[in-house]
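Subject: Structure handover

Hello,

Here is the structure you asked about. Please open it first, then read my notes next to it.

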Number of protein chains: 4
Amino acid sequence: MALVHAAAAGRASGGERRAIALANPGLTGTPYATPTLWAAIQYLGPREEAPAHRHTQTAFRFVVDGEGVWTNVEGDAVAMRRGDLLLTPGMHFHEHHNTTGHPMAWIDGLDIPLVRGLDAGFFEFGPDELATRVTPHTSRNERLWAHPGLTPVGAPTAKASPLKAYRWEHTDAALAAQLELGHAVVRFTNPATAGDCLSTIRCEMHRLRAGTSTALTRTAGSSVWQVFEGSGTVTIGEERYEAGRGDLFAVPSWAGFSMTTDGGLDAFRFSDDPVFEALGLSRVSREEVAR
Amino acid sequence: MALVHAAAAGRASGGERRAIALANPGLTGTPYATPTLWAAIQYLGPREEAPAHRHTQTAFRFVVDGEGVWTNVEGDAVAMRRGDLLLTPGMHFHEHHNTTGHPMAWIDGLDIPLVRGLDAGFFEFGPDELATRVTPHTSRNERLWAHPGLTPVGAPTAKASPLKAYRWEHTDAALAAQLELGHAVVRFTNPATAGDCLSTIRCEMHRLRAGTSTALTRTAGSSVWQVFEGSGTVTIGEERYEAGRGDLFAVPSWAGFSMTTDGGLDAFRFSDDPVFEALGLSRVSREEVAR
Amino acid sequence: MALVHAAAAGRASGGERRAIALANPGLTGTPYATPTLWAAIQYLGPREEAPAHRHTQTAFRFVVDGEGVWTNVEGDAVAMRRGDLLLTPGMHFHEHHNTTGHPMAWIDGLDIPLVRGLDAGFFEFGPDELATRVTPHTSRNERLWAHPGLTPVGAPTAKASPLKAYRWEHTDAALAAQLELGHAVVRFTNPATAGDCLSTIRCEMHRLRAGTSTALTRTAGSSVWQVFEGSGTVTIGEERYEAGRGDLFAVPSWAGFSMTTDGGLDAFRFSDDPVFEALGLSRVSREEVAR
Amino acid sequence: MALVHAAAAGRASGGERRAIALANPGLTGTPYATPTLWAAIQYLGPREEAPAHRHTQTAFRFVVDGEGVWTNVEGDAVAMRRGDLLLTPGMHFHEHHNTTGHPMAWIDGLDIPLVRGLDAGFFEFGPDELATRVTPHTSRNERLWAHPGLTPVGAPTAKASPLKAYRWEHTDAALAAQLELGHAVVRFTNPATAGDCLSTIRCEMHRLRAGTSTALTRTAGSSVWQVFEGSGTVTIGEERYEAGRGDLFAVPSWAGFSMTTDGGLDAFRFSDDPVFEALGLSRVSREEVAR
């Protein structure tokens, strides 16, 4: 149970997880969604448990359907429900337990390709026994940090976001309030720094009103999207796709990208923007298009 | 209606306001609460309006009782209700209007002594006519910024906090959630930077459980407190005071300070801590005391 | 020999020093140069020593004439020579010793009025015996930090500038090189942060070519200047003064200020700009004037 | 002559340069020194010129031998001499010209593999004609920025280091002064921020006294070293090498590394440390070894 550098690891990390990686056909021979991002559907059976591990790779889970699984992050039990974003920053021990009689699935997003490209992978198994099997409605980290503009005084600090769960009720309310004022996009942020919620992955939720389109945008860096609700047409480079609830797609670096919707659309986006910003490589080009 | 340096101002700022400053008897001949902070009770009569002005002095309002007044900050109408903290950062135009048939009063906190000591005062009158008389339940700044861990993408940025209203329902919920985990203190922060809500004034709400005391603390820098709910005994240096709902008291720099309560206590605190931190002058000494 | 808050100090700090404070007649009844800055001529007799003390007030020394005194800052002996700027940041023990048979004098600049206005003064005597009487040409801090664009790896870090001496040979070379490119001003900076050399005081050296003038400038915040070499005419508000080598003058907040010189002029400036920047109170107005 | 994303570039960047890349045999099939770093020997013939281009890849040159070439960075002519480090940060136009009758060679260090892994490459040709053929002893950027602890006031600012040349005379003096105080390492830094001289590459010069060894160190992230003067024995993982003047070697992520020297050793090191720090992936393990 010691920390091991990837080069010395005889066994792949995440062995106890049951996940289907989304392999981008444009990235031949790899199970990666983009050159920096990994996306997978993770599945936990009824009453199943996944024991703790931790690694330098940064991870989140985003839930399109279902509930009943708790992710324990450093021993703090975090419920997973439709629309929620849950964080497991690098080197945080995490484990799952399904308290119900039905299976549950969600998207896992990680920076596996980035960390592998940098040769920065370290991995460690935790105890065989779960840290906790409690199932609180509200985790400890949310009690302390999920209040708008309010910071707990005296709480321990670290570089990673102290808030590990962003609930759909708040995301939905923020999008609804912002939509009255125009196009709605919220970014999930670390309330202790106001920066991105993860050091290498940006997470956002976008809401398009019925009958609207986004500007055609090129961004240095790649992203992965999942339609959360509604449907629309997506343009990526020269291609056009119809996308509905649960569909996933990747946008390569500098590919022209836009979305249009007849009936309205909510879409979750994650990207390597924080990496590009941290390294001084950000670049965006935006042009308005007639629908 | 031009910006004027204090040295050239023939007329005191805030002329149209009706405010009673709390003059600390220890600061002879000044209307100041501490060497850096001004505290006053401001009063607006039925249907009364106070026209716009702005100044380099930073200000907030904290409401112990009543409602019915809206503060328009740069044209955004912000409701004032019991327990709410409302910000008017330096150089933001602000005006008030009472839409009811009864008067309303609240505390004004400002850094007037600090700005005067630095000779940094500038003042400007706004238009005679109010920017708006609308009375929305939720201001524009709250629609964009009052969501936990969620940042609006594309919103304009500035150094001052984009969130101008901290509602009692959130503060109360944060204190209640934190109290289960121990002693409860929340700090009002700028959600765009995670720093203090104002550049020169720190604002916090403290909640003591019934039958508890705080550690005896000495802090370089001064503060002003107001009991929001409940009552207790306050020790400041060699003195002891009984304090109940609405009472205000000042804590001088490096005076030993503690509070004790039989029935529970909520207290609002504002201080010059951000000034001391920014200038590298922070210093705290804390000792636990038997009750 | 314990740290004492100013309110409890029965004895003025700096008792062993022999200094003449420059009392601005516009600040009635105080020995202050501006509302935030103290300026004094300090004098050390032949073979004289001043024992160690430290305080929260930030200090520097600037030498117009003479040499032969070493300031020991936290035990590191720093030579003082014409044109040098020497730092003693807040809470650094410092002591002086004159190794020669002749007296030496220099300007002391401190933020005494600022710290007093904030009630942030703490003071502590050091040992009666000097920490060292060595007289090295180059101090330890200069060995580590006085190399352009080069940072020592593994050196201990702190908030205050690790470089405590800025030598005239470097300042003169920087001004000469910059003058070929236009008007010359260098700011003394903390090489570990690239910020101001002191947390509350900005220090700069200005060089005007013969036959030139500066723009008329108003700055929120005050400054003190000393002519180091050459002479010129100084405009401050409605007044005009002739100023030559060694002359000192203060510029109040928002007073219009310009300098003009026939034969060329080097002038040292110190100001409270870092305070205004840290607190969000900076403001400048500049207009070019015909000479 | 427009900016082109790497995916659309039909022609390799750097076509006019004559460079031999050092291909690490452990990175099969690539011309890379490490997973993030490129190292090459670039060669410019007598009187030869290389026209301007720019790219998102960050570059530096380090000179072990020779002189006579000027690199023009954004039109500012920078001399290249033994021991000098010269920067061409991302998206800065750069061109070379050899003013002598003999060839000159130096090391080029770039973050080509990193930028390729991120799909962040953009490239643009400049004018066919050189911006300048002047050969000043001191470049404009050095006139402004190569003075210890002194910042030019009013100089334009950017994210990249304004100082583009670090001269051997300063590096040598800093190492010599530091060596008296212990083991000597200097880091080349951006004088406007005190951070690394390049956003993705750290550059350092190490000096070992005769008869000394370094601690065995493991670092997450990779580096490339060149012996500048003297010789020694290098341990990398399980291997040992003898290395003398001009020799280059790479240290993979987390490989144990130490150096030992009988006669003294100066070595230049560049690494991807800034990337690891920016992304929260830094990790170091150090153990002292008997020689």
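Let's start with strand β14 of chain B, residues 184-188. Four of its five residues are buried, so the strand is largely enclosed by the rest of the structure. Keep in mind that this is a predicted model.

**Neighbours of β14(B)**

Which strands pair with β14(B)? One is strand β12 of chain A, residues 150-152. This pair is antiparallel and has three bridges. Here Pro152(A) is the bridge partner of Val186(B). Another is strand β15 of chain B, residues 202-208. That pair also runs antiparallel, with four bridges. In β15(B), Met205(B) stands opposite Val186(B). So find Val186(B) on your screen: its bridge partner in chain A is Pro152(A), and across from it in chain B is Met205(B).

**Strand β22 of chain A**

Next, go to strand β22 of chain A, residues 265-271. How many of its residues are buried? Seven of seven, and the strand is mostly covered. Look at which way the residues point. Leu265(A), Ala267(A), Arg269(A) and Ser271(A) go one way. Asp266(A), Phe268(A) and Phe270(A) go the other way. Both sets are buried.

β22(A) pairs with strand β15 of chain A, residues 202-208. The two are antiparallel and share seven bridges. It also pairs with strand β18 of chain A, residues 223-236. Again the sense is antiparallel, and the count is seven bridges. Arg269(A) is a good residue to click on. Its bridge partner in β15(A) is Glu204(A). Its bridge partner in β18(A) is Trp225(A).

**Where chains D and A meet**

Now show chains D and A together. Each chain puts residues into the contact: 23 from chain D and 23 from chain A. Between them they bury about 2200 Å². Of that area, 72% lies on carbon and sulfur atoms. Which residues of chain D lose the most area to chain A? They are Leu118(D), Leu279(D) and Arg283(D). Together they make up 29% of what the chain D side buries.

How many salt bridges are there between chain D and chain A? The count is zero. Polar contacts do turn up: two residue pairs across this interface, both at pLDDT 80 or more. On the chain D side, two elements give two or more residues each: α1 (112-118) and α4 (273-278). By type, the residues on that side are 14 nonpolar, seven polar and two charged.

**Chains that stay apart**

Chain A and chain C do not touch. Their nearest C-alpha atoms are 18 Å apart. Chain B and chain D do not touch either, and their nearest C-alpha atoms are 18 Å apart.

**Residues in loops**

Start with Met91(D). It sits in the loop between β8 (85-88) and β9 (94-98) of chain D. Is Met91(D) buried or exposed? Its relative accessible area is 18%, so it counts as buried, because the cut-off is under 20%. Leaving out residues up to four places away in sequence, Met91(D) touches Arg283(A) as well as Leu3(D), Arg54(D), His55(D), Thr56(D) and Glu74(D). Its C-alpha atom is 20 Å from that of Trp145(D), 54 residues apart along the chain.

Met91(A) lies in the loop between β8 (85-88) and β9 (94-98) of chain A. It is buried, with a relative accessible area of 18%. Its phi is positive, about 65 degrees, although it is not a glycine.

Trp254(A) also has a positive phi, near 70 degrees, and is not a glycine. Look for it in the loop between β20 (248-251) and β21 (257-261) of chain A. Trp254(A) is buried, at 18% relative accessible area.

Last comes Tyr32(B). Find it in the loop between β2 (19-21) and β3 (38-44) of chain B. Its relative accessibility is 12%, so it counts as buried. Beyond residues up to four places away in sequence, its contacts include Leu22(B), Leu37(B), Trp38(B), Pro113(B) and Arg116(B). Ile112(B) is another residue that Tyr32(B) touches. These two are 80 residues apart along the chain, and their C-alpha atoms are separated by 8.2 Å.

Best wishes

How values were computed: Residues are numbered from 1 along each chain as its sequence is written. Chains are lettered from A and ligands numbered from 1 in the order in which they are written. This is a predicted model: local features need pLDDT of at least 70, side-chain atom pairs count only at pLDDT 80 or more; totals for chains, interfaces and linings use all residues. Side-chain values use heavy atoms; hydrogens and water are left out. Contact means heavy atoms within 4.5 Å. Buried area is the accessible area (1.4 Å probe) that two parts lose on being put together, summed over both. A salt bridge is a side-chain nitrogen of Lys or Arg within 4 Å of a carboxyl oxygen of Asp or Glu. A polar contact is a pair of N or O atoms within 3.5 Å; within protein, one must be able to donate a hydrogen and the other to accept it, and residues adjacent in sequence count only if both atoms are side-chain atoms. Ala, Val, Leu, Ile, Met, Phe, Trp, Tyr, Cys and Pro count as nonpolar, Asp, Glu, Lys and Arg as charged, and the others, Gly among them, as polar. Buried means under 20% relative accessible area, exposed over 50%, partly exposed in between (1.4 Å probe, protein chains only). Two strands pair if DSSP finds at least two bridges between them.
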